[in-house]
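Me: I want to go through the empty spaces and one sheet of this model. Give me the reasoning behind each label.

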Amino acid sequence: MLLNKTDLKRLVVGFVLVNLYTSTLIQAQTKYSPEIESLAQYKTPEWFKDAKFGIFIHWGAYSVQATFGEWYPRWMYRDHTREYKHHVETYGHPSVFGYKDFIPMLDGRNWNPDGWAKLFADAGAKYVVPVAEHHDGFPMYDSSFSRFNALEMGPKRDVVGELLESCRNLGLKAGVSSHRAFHWEFYQPKDGWEYGNPAYEDLYWKKRETRWPDEEFVNDWYLRTLELAVKYKPDIFWFDFFLDQPEMHDVRYQFAADYYNLAGSWNKEVVLQYKYDTYDPTIGVLDIERGKLSGIQKKVWQTDTSVSYRGWGYKKVVEYKTPQLLIHDLVDIVSKNGNLLLNVGPRPDGIIPQEQADLLLGIGEWLTINGEAIYGTRPWIKAGEGPTKTAEGAHQERKNKEATAKDYRFTLNKNILYATCLGWPGNDFEIESLGLNSTKKYGLKIKKVSMLGSDETLRWEQNSNYLKVSKPSKKPCDHAYVLKIETDGLSRQMANYHENQPKEPTTVYCFPGNSLRNKEGYQVRDGNLNQWEKDTIIRWNLDIKEPGTYKVVAKQKNTELERYIFGVNNKEFRNTDTNTENQPHEVVLGSLRFGKAGKYPATLKAYPKSDWKKKLSFKYIKLVKSN
């Protein structure tokens with residue numbers, strides 16, 4: 001078989017990369033292999049736990065059209081969409097003016113990586129993650145696998161390489177994100193349209209012959225990702241969805257081992273970030289898109305969201321969030337052992353719009369006064385108190401209500417407890433969690449209370465029910481107000497608290513939250529079971545490592561009393577829950593026993609009486625081992 005120039009180049013570069021990687025590891029001890037047991041040696045670095053706040057950047061050829069988001073290149077080729085209609089009216093038919101024709105218009109003529117880095121540092125960010133390649137397949141770096149890349153076209157600069165250098169010069173950690181996995185099905189080739197043309201395969205990929213990623217694409221993903229790691233030595237590697245597909249399993253675990261081994265040779269501590277159930281949670285940092293968690297997590301996690309409510313790339317018409325909302329998100333996330341990765345979308349010329357810059361600088365102003373309560377802190381025994389609850393899970397941020405002056409979030413550093421009030425009270429600050437009934441249990445004594453940013457002496461008193469603190473005569477800042485509570489015994493309280501925590505039972509999460517599917521297509525996407533017919537059935541295997549009796553628990557929300565059957569180990573469990581609330585809640589389905597460790601087939605199928613399309617939203621199904 002004769003190879004075209006693109007395939008030949010890919011083979012040559014792949015050979016060089018593998019040899020470079022191998023020679024690098026010869027000089028260092030190879031600690032990790034692609035098995036979960038080996039990768040579980042990984043520990044999230046303290047620098048990431050301390051950093052709390054990072055910047056995400058979506059800048060690419062999709063920024064040019066400026067009307068729709070970064071998924072424009074997908075929808076512009078589908079003749080039933082508003083993007084297609086807009087494209088035909090504005091640029092011409094996609095077969096004449098295709099996505100590739102936007103690339104020269106991404107000229108970056110005003111791009112200043114040092115200016116970006118300074119803005120991010122002034123915003124108080126401690127790490128920066130530019131999108132190295134989005135679903136569109138246009139690398140914003142010096143890629144060896146496509147002539148369509150930012151060094152050779154568009155800006156004609158190595159955007160990732162230059163930006164990482166500028167950030168590191170200011171002491172910021174610098175990483176990359178890869179959204180390449182979903183490129184497999186991002187475009188929908190049609191005969192006669194340019195992205196079915198072999199001449200443009202290194203931008204649009206090849207015409208698909210199979211529904212799911214084939215071996216060539218999987219190997220190409222691995223080599224591209226390895227090149228990013230070898231070439232730029234990123235402190236963070238962030239992955240988007242679709243990498244959780246079964247066909248990608250081996251290469252994603254191989255890359256995790258490669259990345260951690262390479263980091264050892266670089267003498268770096270690095271962070272691998274993932275969505276949904278792409279990786280086993282022991283080996284990386286979970287990232288939740290446009291959503292948060294409702295309570296403190298033992299492992300550090302991250303929210304990624306944007307300065308605007310919709311879209312990630314540049315758009316002319318945008319509904320921006322407020323500085324207060326973003327600061328409240330940061331405070332809330334940090335109180336639960338999380339980090340915030342906040343996105344900006346620069347213009348095609350490389351300028352970050354002033355509205356976005358102002359939002360970042362507003363956060364920076366607040367952190368200049370109150371950063372002591374954020375950076376380097378850890379969670380207390382509770383995240384906070386107050387009437388305003390957090391909607392949990394990905395894509396839930398619109399459901400969150402505005403916080404009040406009765407809402408507090410807690411963080412700590414050694415013997416100092418920080419109580420951040422998310423509003424300015426009418427009278428004094430009153431914190432129920434710090435009444436004597438709560439603090440005396442561990443001998444915690446309050447010695448002094450002050451407010452960050454204020455020189456005024458605050459009066460305070462502690463009774464059985466709450467800690468009462470007087471307000472200063474004027475606000476030291478806007479948006480949120482931090483009480484610095486100096487104590488005797490806080491470190492002792494935390495040590496006793498963690499020592500007395502019950503051991504977490506063995507738990508098997510048996511519902512693959514983003515990749516479960518049947519032959520026809522996805523049956524699960526973003527935690528939702530989609531359009532089930534009465535004969536729908538999905539099969540997979542559970543890996544039971546500890547024999548014993550397990551309770552079967554589903555966390556779900558029922559909207560129309562849907563029914564399903566979960567089967568494992570020759571036993572079926574039916575959803576009999578009649579709770580119609582639209583909030584996720586746990587339902588105990590029953591229990592079962594595994595006599596020995598091993599692989600057990602599992603099924604999820606529609607209730608036989610279901611004869612119409614339904615939708616059921618899951619967070620998980622899990623097996624919890626009985627003590």
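Reply: Start with the second largest pocket of this predicted model. Its lining counts 32 residues, with E70, W71, E289, G311 and W312 nearest the centre. Two elements, α4 (72-75) and α5 (82-90), each give two or more residues to that lining. The space comes to about 930 Å³.

Me: What makes the lining of the second largest pocket charged, polar or nonpolar by class?

Reply: Asp, Glu, Lys and Arg count as charged. The lining has 14 charged residues, beside 10 nonpolar and 8 polar ones.

Me: Why is the second largest cavity called a cavity?

Reply: A 1.4 Å probe fits there but cannot get out, so the term is cavity. About 70 Å³ of space lies inside the second largest one. The model has 5 cavities of 30 Å³ or more.

Me: Which residues line the second largest cavity?

Reply: There are 14, and S308, W312, G313, V318 and Q356 lie nearest its centre. By class they are 7 polar, 5 nonpolar and 2 charged.

Me: How do you know that β15 and β16 pair?

Reply: Pairing needs at least two bridges. β15 and β16 (residues 467-469) share 3 bridges, therefore they pair, and they run antiparallel. Q462 stands opposite L467 in β16.

Me: Why are β13 and β15 called edge strands?

Reply: The open sheet has 3 strands in the order β13-β16-β15, with antiparallel pairing. β13 (429-431) and β15 (460-462) each pair on one side only, which makes them the edge strands. Neighbouring strands of the sheet are turned by 10° against each other on average, direction ignored.

Notes: Residues are numbered from 1 along each chain as its sequence is written. This is a predicted model: local features need pLDDT of at least 70, side-chain atom pairs count only at pLDDT 80 or more; totals for chains, interfaces and linings use all residues. Side-chain values use heavy atoms; hydrogens and water are left out. On a 1 Å grid over the protein atoms alone, a cavity is a set of points where a 1.4 Å probe fits but cannot get out, and a pocket is an open set with protein on both sides within 12 Å along at least five of seven lines; lining residues have an atom within 4 Å of a point. Grid points are joined across faces, edges and corners, and a volume is the space filled by probe spheres set on the points. Helices (H or I, at least four residues) and strands (E, at least two) are DSSP runs, numbered from the N terminus. Axes are lines fitted to C-alpha atoms, for helices over the stretch in contact, and angles run from 0 to 180 degrees between N-to-C directions.
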